[in-house]
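Colleague: Could you take me through the model that you have open? I should like to begin with the sheet in one chain and then turn to the nonpolar packing.

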Amino acid sequence: MLVKIMPVIIHIGYPKTATTWFQEVYFPSISNYHFESFREVNKVFLNSDCLAFNSDKAKGELLRKSINGNLLLSSEFLTTGINFGWHHGYYSAGVAQKIHATFPDATIIIFIRRQQSLICSAYQQYIKNGGTYGFKRWLYSGEVFSPEHLCFDKLIDYYDKLFSIDQVKVYLYEEFKEDNISFLSKMNKELGFQVDFNDITFKPLNMRLRNLIVPMMLFVNLFYKKPVGLKRYIIHIPGMTSMGRAIFKYLNPLSIFGNYLSESSLLKVSDNYKLFCYYSKSNKLLANRVGEEKLKHYGYYL
Amino acid sequence: MSMGKNILHLGFSKTGTHWFNDQVYKNNEGVYLLTRKEVFCNLAFMNTFEYSPADTYRLFQDQSLGKRLVICDDILLGSLDIGFGSGEYVCMMANRLKETFGDASVVIFIRNQHEALVSAYSHYIKSGGTYSARKFLGIFRSHRPPFIDYHLFSPDLFDYSKIIGLYDDLFGHENVHVYLYEDFSRSPESFIQSFCEDLNLTINQVLDFQPQNVRLSAWSAGIMQFFNHFTSRNTIFKHYIFSIPRLYEVLISATGKLDRAFPALRPLAFSGGVHSWIDERFRMGNRELARWVNMEKLREYGYPL
């Protein structure tokens with residue numbers, strides 16, 4: 001069967017939707033696309049001065065590395081990092097404008113995930129990265145996490161208008177988790193990826209934290225100033241970053257430190273209610289784009 | 001007489017923007033000056049994906065009762081409280097203003113970066129900051145990961161030519177009025193007269209030319225910087241060891257009294273090394289300013305060139 005090849009495909013996140021696995025395992029295995037991961041992509045689209053952005057130069061820089069002209073770019077930072085604030089959408093929109101100026105015909109891939117699940121995962125990422133705020137402060141203070149960040153319909157609509165609805169592919173993380181192979185086969189067909197599944201390992205790369213590891217890491221994180229968005233540190237002791245990493249690497253896998261954190265252990269009923277009130281309207285609009293049945297099936301707030 | 005265009009007075013920061021707000025626009029009968037709250041809520045901090053230029057303009061128009069709209073707020077250029085990031089805020093705000101206000105007159109004041117940055121640093125220390133001048137200016141920052149310190153001040157904000165160029169492209173050269181803060185500071189009365197003629201403004205009251213924000217003395221800055229380590233207020237970009245309640249208020253009051261009691265105290269200043277860095281950092285950009293201002297004047301006022 002003849003598959004239509006899309007020369008430039010850009011995966012923009014969201015964060016916490018298996019982006020690390022896609023970037024480290026799956027995308028590099030695609031034989032008919034040259035893949036560039038977040039470091040290069042961030043350099044071109046995030047760290048470049050908006051006022052002096054040269055789209056021709058950016059295009060040349062990225063396409064130069066592709067032998068057949070097919071290019072796959074991926075960085076979850078393009079939707080802005082969850083733990084670095086929302087900033088009223090200026091960053092996301094600014095980056096979208098840069099991408100559009102560079103590759104107006106590109107196909108955009110956006111993965112989304114139930115907000116309640118993504119929030120819990122993002123908080124654990126915050127702790128792993130050195131964060132010190134408790135869950136409630138992280139969630140509600142607005143200092144780190146901003147709920148607007150996860151109004152998926154808004155960003156998707158912005159990209160739809162900028163590129164066209166046919167160029168923006170929205171995938172559900174839950175579909176991918178439910179049945180990796182069939183999801184990826186469908187995605188490959190749609191995007192024209194050629195991948196040998198025998199070379200792929202489906203083991204997740206990011207592990208959740210165990211209940212008793214959380215306070216240990218929160219304590220250790222108070223003693224180094226690694227930038228993580230916002231945190232509080234008492235004094236910076238060199239080497240404490242390694243201590244935090246060691247706890248995660250060597251102690252977190254041990255079951256004596258309790259169960260892995262789950263949604264229910266972080267989100268109380270009242271939290272769930274507040275999040276439901278906040279996101280249900282946005283998800284209803286999202287349903288027009290991706291299908292209400294699908295969202296209902298995977299437990300999105302509706 | 002024609003009413004004149006709406007006015008967008010954008011700053012830059014530390015160029016007397018608050019003074020213009022309070023003295024020139026606030027009590028002017030012919031204009032409707034938007035309050036800071038209105039600007040924050042309806043313009044600057046609206047979700048980008050929900051912002052509607054037409055709705056916002058209609059809202060402002062309804063409030064103005066047919067008068068000229070004036071916004072005089074350096075938040076439109078990022079102020080000192082929104083970092084430059086990679087210029088997204090500045091760029092998108094310029095486009096937002098164009099979409100909302102069409103062919104308004106844009107007023108931009110610039111100031112010798114040596115002075116403007118000392119003033120910005122003084123403001124940061126007053127806000128509770130603890131970083132050194134070098135850290136504040138990002139002189140040691142070899143690499144900045146995306147999003148980190150987005151709200152921390154960035155000296156890129158003072159790269160005047162790029163930002164003026166952006167507004168020039170959007171609003172047209174004839175609508176962008178660039179003034180030197182030093183001209184205003186040297187001879188305020190005559191400056192205001194010609195400024196009002198340029199923008200078709202009439203001033204009916206006597207103006208108070210006393211500066212509203214006074215820079216800290218070097219002593220006060222040193223005291224505040226040290227004791228800010230013991231208060232969590234006010235800026236989030238600081239390092240405090242623990243927070244003593246009400247210390248911040250005490251510090252503000254004590255340093256204010258100290259500076260008033262000893263007006264001869266040396267004002268806060270940067271070291272020679274920092275000034276050399278400023279010279280190097282802004283020299284090339286300032287040379288592009290010839291399209292808008294007299295370069296001889298920039299030389300006279302000591303701009304990096």
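Modeller: The sheet comes first, then the cores. This is a predicted model, in which local features need pLDDT of at least 70 and side-chain atom pairs count only at pLDDT 80 or more, while totals for chains, interfaces and linings use all residues. Residues are numbered from 1 along each chain as its sequence is written, chains are lettered from A in the order in which they are written, and side-chain values use heavy atoms, without hydrogens and water.

Colleague: In what order do the 5 strands of the open sheet in chain B lie?

Modeller: The order is 2-3-1-4-5, with parallel pairing. Strands are DSSP runs of E, at least two residues, numbered from the N terminus, and two of them pair if DSSP finds at least two bridges between them.

Colleague: Which are the edge strands of chain B?

Modeller: Strand 2 (31-33) and strand 5 (176-180) of chain B each pair on one side only.

Colleague: How many bridges join strand 1 to strand 3 of chain B?

Modeller: There are 3, between residues 7-11 and residues 68-72 of chain B. B:His9 has B:Cys72 as its bridge partner.

Colleague: Turning to packing, which residues touch the most other members of the largest nonpolar core?

Modeller: They are A:Trp138, B:Ile110 and B:Tyr167, in a core of 151 residues. Such a core is a set of buried Ala, Val, Leu, Ile, Met, Phe, Trp, Tyr and Cys residues joined through side-chain atoms within 4.5 Å, where buried means under 20% relative accessible area with a 1.4 Å probe, protein chains only.

Colleague: What does the second, separate core include?

Modeller: Among its 23 residues are A:Phe176 and A:Phe183.

Methods:
Helix = DSSP H or I, 4+ residues; strand = E, 2+ residues; numbered from the N terminus. Buried < 20%, exposed > 50% of the residue type's maximum accessible area, 1.4 Å probe, protein only.
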